[in-house]
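Below are some notes on the model, set out point by point for a colleague who has the coordinates open. Please read them alongside the display.

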Amino acid sequence: MIFRPTRYRFTTAAFGVVLTLTLTSCGTAQDAGSSSEPATATVVDSALTRIKEVGTLRVCSTGDYPPFTEQTESGDWKGIDVDMARDLAETMGVEPEFVKTSWKTLMDDYTSGACDVAVGGISLNPERAEQVYFTVPTQEDGKTPITRCEDVEKYDTVAEINQPGVRSIFPEGGTNEKFAREHYPQGELLTHDNLTVFDALSAGEADVMTTDRSEVLYIDHEYPELCAANPDEPFDYFQKGYMLPQGDEVFKHYVDQWLAIALKDRTYEGFAEPWVGDVELGLPQG
C-alpha cells in the first residue's frame, strides 16, 4: 500500500462555487451603473459538466509504456499515469474508464471523442498542441539512447548512431519514430511492437533505441543487460503532460489545479516510487 499524505481535495463542488462567484462578479462589474438587474453567470458548456452527469471519466492510454501505463494480459491497468487518472476521477467523484489506444492512433482516437483525457507518458510538442490542450507539465524529459551495456560508448551521440549499419529500433507512430527518422537517416531503422521492443534490443536484434529519458532510466533497472547511454545529456528537451479537449478552458483549469496540487504534495511521487524508486524523473520545479 502506498502512503498518501493528507492533502486538500480539489472537488468539483468547490470549483463550481469558485467559477460561479467569478463569473457573477465579472458580470456585476461590467454592468455596474447601467442596470439595476442582478448579473447572471453564464452557463459554460464543458466536459467537466458532462463527466459529472454521466459519472465516468474516459481515459485514453496505450497501455504499453511502463512505468507510465501498462495493460496486463488479464486486462488490468497499472502505471504512474494510470494511478494519476484514477486519482483525478476520485477527486471528481466519478469512476475511471480506460480506453485502449496506440501511439499511431492516439490523436485520432482522442479528437474523435473516444475519451475525455489521454495519459501515459505523452510528450508535448507543437504538432499535438495544434489539436489538443495539454495540462501543466508532469515531467521534463529528453530523448536518450539505451543499448546493451557493453556498447554504451559506441552509441552515446547522435553522430555515432547515425551511421550505416547501426540498427535503431522503435515502436511505430510515436515521437521515438519521428526522432529516429529525422536524426538517423544514414542508419538502419527498425519498427517493433512497443511491448517487446526492449526484449528485441536485449537479444541483439537491434543496436540501440532512442526514447524518453524517463523510460530509459526505468528500463536500465529492469533489464540488467541494457544500460542508459549518457542519460545526463539528453539529445533534446520536452515536457510530458496529459491531453485535454482543445478550447475547454473550464475543464483545463480544473485538471491543472488538481495536477498542480498532486505534484506539490508528493501524490505523483507516491505513485512513481514503486516503479522507479529514488530515480530522478525530472519533476517540474515550482
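1. Helix α3 is a convenient place to begin: 11 of its 13 residues are buried, so the helix is largely enclosed by the rest of the structure. The model is a predicted one, and this applies to every point that follows. The buried residues of α3 are Ile 80, Asp 81, Val 82, Asp 83, Met 84, Ala 85, Asp 87, Leu 88, Ala 89, Thr 91 and Met 92, a list in which three aspartates, Asp 81, Asp 83 and Asp 87, are found beside nonpolar side chains such as Ile 80 and Leu 88. The helix covers residues 80-92 and reaches 19 Å from its first C-alpha to its last, which is close to the 18 Å expected at 1.5 Å a residue. Just after α3, Gly 93 takes a positive phi of about 80°.

2. Met 92 of this helix also appears in the nonpolar interior. The largest nonpolar core has 60 residues, and those touching the most other members are Leu 57, Met 92, Phe 198, Met 243 and Phe 251. Helix α10 (residues 249-264) supplies the largest share of this core, namely eight residues. A second, separate core of eight residues includes Tyr 155, Ile 161, Ala 180 and Val 208.

3. What is Phe 251 in contact with, leaving aside its neighbours within four places in sequence? The residues in question are Ser 46, Ala 47, Leu 48, Ile 51, Leu 57, Met 92, Asp 116, Leu 244 and Pro 245, and two of these, Leu 57 and Met 92, are themselves named among the core residues that touch the most other members.

4. Strand β1 deserves attention for its pairing and for the cysteine in it. Six bridges join β1 to strand β5 (residues 95-100), and the two run parallel, with Ser 61 standing opposite Lys 100 in β5. β1 also pairs in the parallel sense with β6, here over two bridges, and Cys 60 stands opposite Ala 118 in β6.

5. The structure holds two disulfides, and one of them is formed by Cys 60 and Cys 115, with their sulfur atoms 2.1 Å apart. This pair links distant parts of the chain, since Cys 60 belongs to strand β1 (residues 56-61) whereas Cys 115 lies in the loop between α4 (106-111) and β6, 55 residues apart. Both Cys 60 and Cys 115 are buried, and the link, with -105° about the S-S bond, is left-handed.

6. The other disulfide joins Cys 149 to Cys 227, S to S 2.0 Å, and with 80° about the S-S bond this link is right-handed. Cys 149 lies in the loop between β9 (143-148) and α6 (158-161) and Cys 227 in strand β13 (residues 226-228), so the pair ties together parts that are 78 residues apart in sequence. Cys 149 is partly exposed, with a relative accessible area of 25%. When the bonded cysteines of the protein are numbered in sequence order, the pairing reads 1-2, 3-4.

7. An open sheet is formed by three strands in the order β2-β3-β4, and the pairing is antiparallel. Because β2 (64-65) and β4 (77-78) stand at the edges, each with a single partner strand, one side of each is left without a neighbour in the sheet. Strand β3 (residues 69-71) is joined to β4 by two bridges, and Gln 71 stands opposite Trp 77 in β4.

8. Turning to aromatic side chains, the structure holds eight aromatic pairs. One of them, Phe 179 with Tyr 184, is edge-to-face, at 5.9 Å centre to centre and 75° between the planes, and both of its residues, Phe 179 and Tyr 184, are buried. Tyr 65, Phe 68 and Trp 103 form one aromatic cluster.

9. Is Ser 123 buried or exposed? Ser 123 lies in the loop between β6 (117-118) and α5 (126-129), yet its relative accessible area is 4%, and because the cut-off for buried is under 20%, Ser 123 counts as buried. Leaving aside neighbours within four places in sequence, Ser 123 is in contact with Arg 128, Phe 134, Thr 175, Asp 212, Phe 238, Gln 239 and Lys 240.

Key
Residues numbered from 1 in each chain as written. Predicted model: local features only at pLDDT ≥ 70, side-chain atom pairs only at ≥ 80, totals over all residues. Heavy atoms only, no water. Phe/Tyr/Trp six-rings, centres within 6.5 Å; stacked < 30°, edge-to-face > 60°. Buried < 20%, exposed > 50% of the residue type's maximum accessible area, 1.4 Å probe, protein only. Pairing = 2+ DSSP bridges. Contact = heavy atoms within 4.5 Å. Expected span 1.5 Å × (residues − 1). Core = buried A, V, L, I, M, F, W, Y, C linked by side-chain atoms within 4.5 Å. Disulfide = S-S within 2.5 Å.
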